[in-house]
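Here's a quick briefing to read with the model open beside you. Start with the whole chain, then zoom in on one residue.

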Amino acid sequence: MVLVDLPLAQLREYRCPRPAPAGHAEFWDRTLAESRAAAGEIRCEPVGSGLTVVDAYDVTFPGFGGEEVRGWWLLPRGGSSQLPVVVEYLGYGGGRGLVHERLTWAAHGFAQLVVDSRGQGGVWNTGDTPDPHGSGPAGGGLLTRGVDHPDHLYYRRLLTDAVLAVDAAARLPGADAGRIATVGHSQGGAMALAAAALHPGVAATGARTPFLCGIARSLEVTDAVPYGDLAAYLGVHRTRAEEILTVLDFVDLTHLTPRITCPTWVSVGLADLVCPPSGIFGAVNAIEQVTPEVRTWSYNGHEAGGAHDDAHLADWLHQQLPG
């Protein structure tokens with residue numbers, strides 16, 4: 001095994017030493033209540049994608065603060081009128097792209113909602129959702145945006161979008177609202193777990209090498225981006241490190257995963273220096289109401305099991321969302 005973090009036996013027992021910040025549960029309850037109160041309509045319009053086995057729709061739904069978030073709604077052509085749903089969230093820097101780029105879950109027979117990431121889409125794929133918020137002084141990347149106060153955090157907005165995407169998926173044509181799963185890789189995995197923690201309508205969740213797990217611990221293990229961007233910022237704001245890390249605790253998955261009650265699947269690359277294993281295991285080991293299924297890959301980094309994970313997850317989701 002390529003050892004970049006703790007040995008596997010220690011990872012399975014690792015617990016994050018940082019407590020949840022005061023008012024954490026109230027913070028998220030208030031955030032979601034305010035955004036739902038501001039919510040507008042959902043729009044779902046067919047698009048001429050050229051696909052012959054999938055029907056595609058351009059979706060706009062209300063996210064954080066009622067602000068519009070874009071997505072693709074994909075339905076297997078000729079499928080049931082009440083399909084199990086997979087809500088898919090995207091990795092750091094990417095957006096929803098073109099319709100034909102994200103067909104995995106629709107190809108497996110699920111209704112699939114591909115959720116655009118606000119303010120992203122300039123690194124590995126294109127996006128269509130703006131983030132109409134500025135912030136105080138920030139460094140490179142997204143982790144430092146809004147670190148002056150929990151209410152201003154970029155990831156407060158993005159994780160709220162993730163939760164409200166489940167609200168939207170339950171109301172889209174062809175969806176079985178009682179069979180909704182959330183999935184994603186990296187940043188998308190963080191969003192999937194956050195949605196499962198904060199939305200009681202999520203029936204199952206799957207995350208491959210999720211981001212935002214054990215932020216302070218991850219800074220001890222790696223200087224790779226995105227955590228490296230935060231490390232550089234703390235190096236400049238050297239007297240405020242603990243204050244800033246406490247603000248970021250509000251969006252650290254370690255403090256959200258204890259609220260997860262649905263079946264949970266997580267994949268970890270034990271050679272991952274983008275999202276270090278101990279941070280992920282700290283979040284996974286905080287789940288107490290269910291026993292997560294955890295797959296580990298000894299010689300893989302941030303990709304973990306890649307396509308092998310997708311194939312396994314598809315089978316697992318069919319088991320969790322039976323017809």
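What follows covers the overall build, the surface and charges, and then one aspartate.

This is a predicted model, so keep that in mind for every value below. The protein folds into 10 helices and nine strands. Its radius of gyration is 18 Å, which agrees with the value near 20 Å that a compact globule of 323 residues would have.

**Overall build**
- Along the principal axes, the C-alpha atoms take up a box of roughly 55 × 40 × 35 Å.
- Of the 323 residues, 56% count as buried.
- Take the contacts between residues at least 6 apart in sequence: 74% of them link residues at least 24 apart.

**Surface and charge**
- The protein exposes about 12,300 Å² of accessible surface, and carbon and sulfur atoms own 53% of that.
- There are 22 positive and 35 negative charges, and the mean positions of the two sets sit 1 Å apart.

**Zooming in on Asp-309**
- You'll find Asp-309 in helix H10, which runs over residues 307–320.
- Asp-309 has a relative accessible area of 1%, so it counts as buried, the cut-off being under 20%.
- Its side chain gets to the backbone nitrogen of Gly-305, at 2.8 Å.
- Setting aside neighbours within four places in sequence, Asp-309 touches two arginines, Arg-208 and Arg-295.
- Trp-265 and Trp-297 are also in contact with Asp-309, as are Ser-267 and Ala-304.

Definitions and conventions: Residues numbered from 1 in each chain as written. Predicted model: local features only at pLDDT ≥ 70, side-chain atom pairs only at ≥ 80, totals over all residues. Heavy atoms only, no water. Helix = DSSP H or I, 4+ residues; strand = E, 2+ residues; numbered from the N terminus. Rg over C-alpha atoms; globule rule 2.2 N^0.38 Å. Buried < 20%, exposed > 50% of the residue type's maximum accessible area, 1.4 Å probe, protein only. Contact = heavy atoms within 4.5 Å. Areas by Shrake-Rupley, 256 points an atom, 1.4 Å probe, with all protein chains shown as cover. Lys, Arg positive; Asp, Glu negative; His and termini not counted. Charge placed at Lys NZ, Arg CZ, Asp CG, Glu CD. Polar contact = N/O pair within 3.5 Å; in protein donor to acceptor, adjacent residues only side chain to side chain.
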